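Visitor: I would like to learn how to read a model of this kind, one feature at a time. Could we start with the ligand and work outwards?

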Amino acid sequence: MATLPVCNVQPPARLLFGPGPSPVHPRVYAAMAQSIVGHLDPYFFEVNEQIRRALQRCWGTGNELTLVLSGTGSAGMEAAVANFVEPGAKFAVFVNGYFGERLSEMGRRHGAKLVRFEKPWGEVFSDQEVMESIHRERPDVVAFVNAETSTGAYQDGAAIASAAREVGALSIADCVTSLGGMPIGLDAMGVDVAYSGTQKALGCPPGLAPITCSPRAVEWLRARKSTPVTWYLDLKLLLDYYEKAHRYHHTAPISMFYALRESLAIIEEEGLENRFERHRVNHEAFAAGVEKLGMPLLVAPGIRLWTLNTPQVPAGVDELKVRQSLMRNHGIEIAGGLGPLAGKVFRIGTMGYGSTAENVKLLLGALEEALKEKGLAG
Ligand SMILES: Cc1ncc(COP(=O)(O)O)c(C=O)c1O
């Protein structure tokens, strides 16, 4: 029987400019290579505590219940739904892209009475639409995607959160592609539950899902009578492990905690405001550049993400061939559109460690070259 060769993990060089994972800082890789301690070691809880505090600052929240789940962004989504949407509860989801769809699918699987508010992909909901929809349906829980990675659109959550409170509902925000790259101001927004992933603007490999819950959400959780169907993502059990008794729940992926700890240190060294500004400036330079190449962004100015851009594929161009050309000639990874946007847009990340003026130049040059290549017609 053939055996695996020793030390043969030699991944090809890639420039990760898709919707995530994003490029990882060498310091983060170095942190991951440190020796692990046990998942009940005081050092692990020290690292966890530092992570929690830094995440609060990234999110702009004082929420005590701020922790990281072992799992990717979808684990954050599932935890939010499983803990706060009881079977039979009326769950309203604002759907304007792929991840809004995923949220509603999770709600359906958890036995919610689902209500969907829909908009074409690439658009966002106005304050008036939000208010009217929530007051009309009076749901128990409302969810929306703050940074819709399938479209590049930014949905502000202030009106959603405030309308939710008015009808006594909890609000959930998906911040997977905004945390660490754009100001969120969660407490000012008034959102009750938010989750994210490590592999986007936080500049870390995939593997952890930060989640934060307002005091109001915690109160709701304490009063919840039914047991969530999920054991692994049950926040009450997780609190016992991470914050209270330090009782064993699962074996946390220690190296990922080191990685996140280091990426948050890098964020704090740069300063949050500087980091957000860097993302804004590089996104705008990229947007102006693709516009010049005849590929204007799908999303209207003012509601564009600074982390993820969706230039429209020019007529007559096969987007898959462009992506293959970028990979073949430069090792650059970008992504294509999903669902109704398949074949119509590229999804190009300018986030985390990858959001630099040099990378914007590199990307624009590579795109220009690819578009001039023969045989890219669709
Ligand atoms: C907005 C949004 N929500 C949720 C997810 C799911 O995260 P993951 O793929 O890390 O499970 C993603 C991933 O791209 C995302 O962009």
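**Reading the ligand site**

Guide: A polar side-chain atom of S74 lies 2.5 Å from an oxygen atom of the ligand, and, since we begin there, please keep in mind that this is a predicted model.

Visitor: Which other polar atoms of the protein lie close to an oxygen or a nitrogen atom of the ligand?

Guide: A polar contact is read as a pair of N or O atoms within 3.5 Å. In this structure a polar backbone atom of G73 is 2.9 Å from an oxygen atom of the ligand, while an N or O atom in the side chain of D174 is 2.6 Å from a nitrogen atom of the ligand. Of the 390 Å² of accessible area that the ligand has on its own, the protein covers 87%.

Visitor: Which residues around the ligand come nearest, and how does the shell divide into nonpolar, polar and charged residues?

Guide: There are 14 residues around the ligand, and those that come nearest are T72, S74, T149, D174 and K200. By class, the shell consists of five nonpolar, six polar and three charged residues.

Visitor: Which element gives the largest share of that shell?

Guide: The largest share comes from α3, with three residues. Both α3 (73-84) and α4 (98-109) supply at least two residues of the shell.

**Strands and domains**

Visitor: How should I read the order of strands in the open sheet of three strands?

Guide: The general idea is that strands of a sheet pair through backbone hydrogen bonds, either parallel or antiparallel. Here the order is β11-β14-β13, and the pairing is antiparallel. The edge strands, β11 (308-309) and β13 (335-336), each pair on one side only. Strand β14 (residues 346-349) runs antiparallel to β13 and is joined to it by two bridges, with R347 in β14 standing opposite A335.

Visitor: Where do the domains begin and end, and how many residues does each give to the contact?

Guide: Domain 1 spans 26-267 and domain 2 spans 272-372, and their centres, taken over C-alpha atoms, are separated by 27 Å. The contact between them takes 26 residues from domain 1 and 21 residues from domain 2.

**Backbone details**

Visitor: Which peptide bond is cis, and which residue has a positive phi although it is not a glycine?

Guide: The cis peptide bond runs from G20 to P21, with omega near 5°, and P21 lies in the loop between β1 (15-16) and α1 (26-32). The residue with a positive phi, of about 45°, is R138, which is found in the loop between α5 (127-137) and β5 (141-145).

Notes. Residues numbered from 1 in each chain as written. Predicted model: local features only at pLDDT ≥ 70, side-chain atom pairs only at ≥ 80, totals over all residues. Heavy atoms only, no water. Pairing = 2+ DSSP bridges. Helix = DSSP H or I, 4+ residues; strand = E, 2+ residues; numbered from the N terminus. Near = heavy atom within 4 Å. Polar contact = N/O pair within 3.5 Å; in protein donor to acceptor, adjacent residues only side chain to side chain. Areas by Shrake-Rupley, 256 points an atom, 1.4 Å probe, with all protein chains shown as cover. Nonpolar A, V, L, I, M, F, W, Y, C, P; charged D, E, K, R; others polar. Domains from an automatic or database assignment. Contact = heavy atoms within 4.5 Å.
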